[in-house]
Amino acid sequence: MRSSPTARLNHRIWAPILALAAAILAYSPAPRPAPAFFATAAAVADEPLDRIILKNGQVIEGRVLSETDTQVEMLVMVGGISAPATYSKSNILSIERGVVQPVADSRRPSSPSASPRATDRSESRPGAARLYVMRLNGNIGFEISKTPLRQAFDDAMASNPDAIVVRLDAGSFPEGFDGMWGAEALAPIVTDAINAGHRVVFWIKRAEAGAAFLPLVCPEIYFTSDGRLGGVGDLADFNVGEDVVNLKQISLRIGHAEGLAITGGYEPKLIRAMSLKPEWLAVRFRGGAPEYITWEPRPEDGDDWHILTDNGEGKNKDEFSFEGNDVLTLNADWAFRIGVARGVVDTIDDLAFELNIGRDYEDISGRSVSILNSWRDRVRRARTQLQDLNEELGQAGRGRGDAAALGRQINTLRQMRSLYTAFEEVFDADGVQRSQIDIQIEDIRQRIRDANRRRR
Amino acid sequence: MTMKNRFFTAILAVLASLLLAASSFADDRVHLKDGRVLEGTISREGDTFLYITYFMGTVERTELVLKANIARIERDADNSTPAPADTPVPARPAAEPAADRTSARPASPASPDARRIAFISLEEMVGPFMNAGALRRSIDLLESDDPDIVVLVINSGGGAADEVQKLSDAIQNHIKPKYRVVAWIKSAISAAAMTAWTCEEIYMMPEGNIGAATAFFSQGAGAVAVKGEELEQYFRMMQRISARGNRDPLVMRAMQVPTNLSADIDPATGKVTWRNDLDGQHIVSTANQILTLNSIDSVRFGVARAVAASKDELARHLNVDEWIEVGHDAEKLQVTFREDVKTAQLRAVELLQKMNIALRGGDVARARSFLGQVKGWVRRASSLEEYGAPDFGVPPLNDEFFREVEKQLEQIAEQQRTRRR
């Protein structure tokens with residue numbers, strides 16, 4: 001944890017409260033329909049509205065509720081929906097007050113209970129923006145692999161949506177840092193779509209272990225309010241032999257993972273903090289932009305440093321390895337503050353708003369649901385079948401070994417080979433399993449030949 | 001304010017915001033030290049880099065730019081911000097200041113001014129797959145294509161250190177005398193990094209990495225680092241190869257063994273001076289690390305000249321305005337070679353085990369048949385003669401190996417004949 005015991009104690013007490021406050025105040029967890037605010041919106045509906053123009057070109061209209069040196073809280077109004085949102089002044093180009101005449105909105109809900117989802121998203125509406133939402137659930141390297149992801153992206157791109165949203169709730173197989181290799185293998189599918197001109201957005205609920213690295217190739221990331229990115233373990237524990245060889249292995253892994261972060265435009269220093277317990281990472285904000293140091297802040301470094309990770313030694317050692325700051329796991333609040341996440345949203349409506357698409361959009365999940373679910377079910381079934389067939393093979397091996405039994409073993413092995421071929425990217429990427437099966441079949445055939453020879 | 005005034009104010013405000021939104025895409029201007037000015041939107045920014053999205057004609061591009069290469073930034077077109085004072089500049093500024101390198105584009109084959117660029121991919125394990133013999137054969141195929149530039153596209157996690165000298169020799173003696181050689185790196189780890197070190201001109205893909213060149217071997221208890229005289233030999237080899245690539249050997253040393261390494265960068269010239277201590281301006285590696293550089297740091301410290309995400313972008317960095325890709329046969333040879341090696345390794349392992357099964361059954365003729373098939377695969381994938389299938393514990397499948405096996409087969413056959421007599 002933190003360097004001083006007092007700070008540690010304070011941190012434990014205040015961290016959840018501060019995190020909650022920050023999540024509310026820091027900026028735009030996108031407006032959610034809140035019944036209490038509809039009345040407010042209606043009450044002010046006839047007065048001219050204010051306008052904020054963000055540096056990214058986004059124009060927000062609504063009512064400025066409060067303003068400090070660093071941020072502006074605004075009751076944002078889009079269509080009939082209004083909700084408070086807070087914007088950092090570092091992102092604001094201008095604030096114009098009373099410049100927008102309110103327009104009577106026929107879509108304004110007639111009662112506080114009206115849902116913004118009332119529109120039927122399943123029907124195509126001329127002029128409506130199109131969001132292709134792809135849900136990646138499971139483990140990268142197992143349920144989430146090249147074939148289904150490529151198919152899902154192909155389907156998404158064929159639909160030519162305004163944005164492809166990849167909702168991620170995933171870990172990796174294998175667990176830990178080495179799940180990164182699976183993520184790296186999938187990364188070109190994402191970057192190909194981006195390079196082809198498609199807007200790809202990752203929306204993260206859980207990006208754990210190797211799955212933490214996949215979203216980093218994408219410049220647009222949003223988090224759910226309980227979203228997490230990290231949990232990759234501690235590479236410093238890597239042990240394949242002598243220390244120097246371990247250092248080599250750690251170094252090359254960090255190099256690969258940093259490359260993924262650089263691809264998406266993220267600070268590569270985050271990777272070492274995510275992956276190595278001994279690494280310090282502290283951040284402060286200057287002009288709204290994060291500034292990092294990779295050592296424990298010293299007096300000469302100035303003020304306002306937040307320690308994202310300490311060295312995890314002695315008094316800094318976390319009590320619970322998954323909850324502390326020995327290695328970096330980004331929650332929604334910090335992801336947003338350091339610019340990894342562009343926003344924090346919990347519903348697709350909110351995400352559409354954040355993407356500047358507004359309320360009038362279509363959710364076109366297309367075939368991705370069936371592609372991904374079907375693959376997931378089939379690969380899980382294949383794993384069970386392989387286990388069963390393997391057991392069957394073991395039992396057969398203990399039997400009498402007559403020609404008929406040996407023939408059945410060959411049949412079992414052929415079934416296994418078919419499964420390895422069908423799901424080679426998951427179970428047999430290098431073809432070794434199938435090669436071994438071919439050898440086993442040859443061995444059985446030789447035994448049959450030997451038996452026949454003895455009979456003669 | 002009258003109703004009319006309010007109406008016009010609102011209209012003006014809307015128009016103003018629309019104009020602002022329309023022009024927001026080109027609000028940032030990044031002035032590069034090579035004279036280029038990129039106008040667009042800075043979409044991401046880190047301590048040492050930024051991404052800027054801009055239009056080239058109707059094509060949207062996003063380019064990674066190191067702050068070291070930036071003279072100044074105009075944000076929102078009215079607020080000039082100089083690059084941070086402590087930001088280093090690259091060791092080698094662009095050789096030719098180009099007025100507008102964004103104009104690089106693939107040319108039609110008929111264009112007489114187009115430069116001819118061959119892309120040769122070097123991938124997978126150094127030795128069996130990334131192989132000097134195969135590289136030489138590819139280069140031989142380039143004769144009729146007459147390229148101006150040969151780009152070695154490297155993506156390898158390393159492999160046999162013994163192949164490094166051969167690959168370096170192939171690049172130095174076989175390619176450099178004829179063509180301008182460029183290494184374009186997706187991943188160059190270990191022996192692949194040592195190979196790339198031969199090239200004076202290294203460029204990185206954004207996801208690229210180079211380093212981790214520690215030599216080791218596997219033993220029962222785990223991986224063991226090479227030490228003693230053997231390690232000294234590798235040091236000497238890399239000193240020679242560093243000289244070929246016009247590189248300071250200290251950098252490669254930090255990739256091979258844990259070493260303190262820091263750098264001073266002359267703010268005026270960009271020249272990088274390396275030190276094997278931690279007293280330099282920038283600490284690059286320490287005595288408890290092995291060095292692997294990512295794309296940004298590679299350029300920052302002058303190991304690479306620039307980051308290029310695409311062939312077009314690479315061509316721009318090479319100061320090539322118009323280019324055509326040549327050398328397809330040479331590249332096809334590499335792809336086919338790797339496929340053949342992969343298949344041949346698996347088949348050789350399988351066939352040798354089948355040969356043993358046949359021998360267990362006393363079927364020498366069948367065993368010979370399997371051995372003959374192994375020979376066939378080795379003919380298709382010549383690197384098996386030297387490396388066998390190291391991942392599967394198969395030794396080099398050279399003449400000596402085959403002679404020895406055939407001798408044993410003959411002995412078994414003779415024993416069978418004796419028994420029958």
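Q: Why is helix α6 (residues 249–256) of chain B called largely enclosed by the rest of the structure?
A: In this predicted model, a residue counts as buried if 20 or more other C-beta atoms lie within 10 Å of its own. For α6 of chain B, 6 of the 8 residues are buried, so the helix is largely enclosed.

Q: Which residues of α6(B) are the buried ones?
A: They are B:Val251, B:Met252, B:Arg253, B:Ala254, B:Met255 and B:Gln256.

Q: What covers the buried residues of α6(B)?
A: The cover includes the helices α4 (191–196) and α5 (228–244) of chain B. It also includes the strands β12, β15 (261–265), β16 (272–275) and β17 (282–285) of chain B.

Q: How many residues of each chain count as buried, as a percentage?
A: In chain B, 45% of the 421 residues are buried. In chain A, buried residues make up 42% of 456.

Q: How many helices and strands does each chain have?
A: Chain B has 12 helices and 20 strands, and chain A has 12 helices and 15 strands.

Q: What makes a set of residues a nonpolar core, and how many residues has the largest one?
A: The residues must be buried, be of the listed nonpolar kinds, and be joined through C-beta atoms within 7 Å. The largest such set has 214 residues. A:Val165, B:Val151, B:Trp184 and B:Ala196 have the most contacts inside this core. Helix α9(B) gives the most to this core, with 12 residues.

Q: Which residues does B:Trp184 touch, leaving aside those up to four places away in sequence?
A: B:Trp184 touches B:Val151, B:Leu152 and B:Val153, and also B:Tyr203, B:Met205, B:Ala308 and B:Leu314.

Q: What makes up the contact between chain A and chain B?
A: Chain B gives 46 residues and chain A gives 44. On the side of chain B, the elements that give two or more residues include α1 (3–23), β2 (37–45), β10 (180–189) and α9 (328–360). The largest share of that side, 8 residues, comes from α9(B). By kind, the side of chain B that touches chain A divides into 21 nonpolar, 17 polar and 8 charged residues.

Q: Why are β11 (289–293) and β12 (306–309) of chain A called edge strands?
A: Each of the two pairs on one side only. They belong to an open sheet of 3 strands in chain A, with the order β11-β10-β12 and antiparallel pairing. Neighbouring strands of this sheet are turned by 35° against each other on average, direction ignored.

Q: How do you know that β10 (residues 281–286) and β12 of chain A are paired?
A: Pairing requires at least two bridges between two strands. Here 3 bridges join β10(A) to β12(A), so the two strands count as paired. In one of these places, A:Ala282 has A:Ile307 in β12(A) as its bridge partner.

Q: What is the mean pLDDT of chain B, and where does pLDDT stay under 50?
A: The mean pLDDT of chain B is 86, and 84% of its residues reach 70 or more. pLDDT stays under 50 over residues 1–25 of chain B and over residues 80–103 of chain B. Where pLDDT is low, the predicted coordinates should not be read in detail.

Q: What ipTM and pTM does the model score?
A: The model scores ipTM 0.81 and pTM 0.77.

How values were computed:
Residues are numbered from 1 along each chain as its sequence is written. Chains are lettered from A and ligands numbered from 1 in the order in which they are written. This is a predicted model: local features need pLDDT of at least 70, side-chain atom pairs count only at pLDDT 80 or more; totals for chains, interfaces and linings use all residues. pLDDT is the predictor's confidence in each residue, from 0 to 100. Two residues are in contact if their C-beta atoms, placed from the backbone, lie within 7 Å. Helices (H or I, at least four residues) and strands (E, at least two) are DSSP runs, numbered from the N terminus. Ala, Val, Leu, Ile, Met, Phe, Trp, Tyr, Cys and Pro count as nonpolar, Asp, Glu, Lys and Arg as charged, and the others, Gly among them, as polar. Axes are lines fitted to C-alpha atoms, for helices over the stretch in contact, and angles run from 0 to 180 degrees between N-to-C directions. A residue is buried if 20 or more other C-beta atoms lie within 10 Å of its own, exposed if 12 or fewer, and partly exposed in between; C-beta atoms are placed from the backbone.
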